[in-house]
Amino acid sequence: HKQEDMPKISDYESPPNYTSLKKFQEAMDENAMAIYSDQTNLGHLALVMIETEFIMANEDQPFITPMTNTGNTLNNPNTQRCQGTAGVVDDIQNLTLATTEAIRQFNQ
């Protein structure tokens, strides 16, 4: 997905609500596997699954939070290898900023 296609949790004029969170979660569910992980061919599916279910799906291996951002490549579902993708790092950074802002606004 392009950055403009990613649902927004909130902005400066609209606080987060059920609908915005639901749309954001659905987009995360759809894209988690596409973000490359050097641990598994399942990408970052662990972000949107219950831990025990992910471990079963990942051949009994847990997901360990990466120390560095590996979000600059996408998993290729046909070969389970990676291919570089311009703009994904920016999308993830913008997503992080949007999430941080949404949490800040929610806590106010």
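Hi everyone, thanks for coming. The chain I'm showing today has 3 helices and 2 strands, and please keep in mind that this is a predicted model. If you walk along the sequence, the elements come in the pattern α-α-β-β-α.

Let's talk about confidence, since we are looking at a prediction. The mean pLDDT of the chain is 74, with 59% of its residues at 70 or more. Which elements sit at the two ends of that scale? Helix α2, residues 51–57, has the highest mean pLDDT of the elements, at 91. Strand β2, residues 82–84, has the lowest, at 40. Across residues 77–87 the pLDDT stays below 50, and in the model this stretch makes 15 contacts beyond near neighbours in sequence. Where pLDDT is low, the predicted coordinates should not be read in detail.

Now for the inside. The chain has 108 residues, and 26% of them are buried. Which residues form the largest nonpolar core? There are 5 of them: A32, L42, L45, F54 and F63.

Let me pick out F63 from that group. Leaving aside residues up to four places away in sequence, F63 touches S37, Q39, G43, H44, A46 and F54. So you'll notice F54 once more, a fellow member of the largest nonpolar core.

Stepping back to the chain as a whole, take the contacts between residues at least 6 apart in sequence: 41% of these join residues at least 24 apart. And the outside? The chain exposes about 7,900 Å², and carbon and sulfur atoms supply 55% of that area.

That's my quick tour, and I'm happy to chat afterwards.

Note on methods:
Residues are numbered from 1 along each chain as its sequence is written. This is a predicted model: local features need pLDDT of at least 70, side-chain atom pairs count only at pLDDT 80 or more; totals for chains, interfaces and linings use all residues. Side-chain values use heavy atoms; hydrogens and water are left out. Helices (H or I, at least four residues) and strands (E, at least two) are DSSP runs, numbered from the N terminus. Buried means under 20% relative accessible area, exposed over 50%, partly exposed in between (1.4 Å probe, protein chains only). Contact means heavy atoms within 4.5 Å. Accessible areas come from the Shrake-Rupley method with a 1.4 Å probe; for residues, only the protein chains shown count as cover. A nonpolar core is a set of buried Ala, Val, Leu, Ile, Met, Phe, Trp, Tyr and Cys residues joined through side-chain atoms within 4.5 Å. pLDDT is the predictor's confidence in each residue, from 0 to 100.
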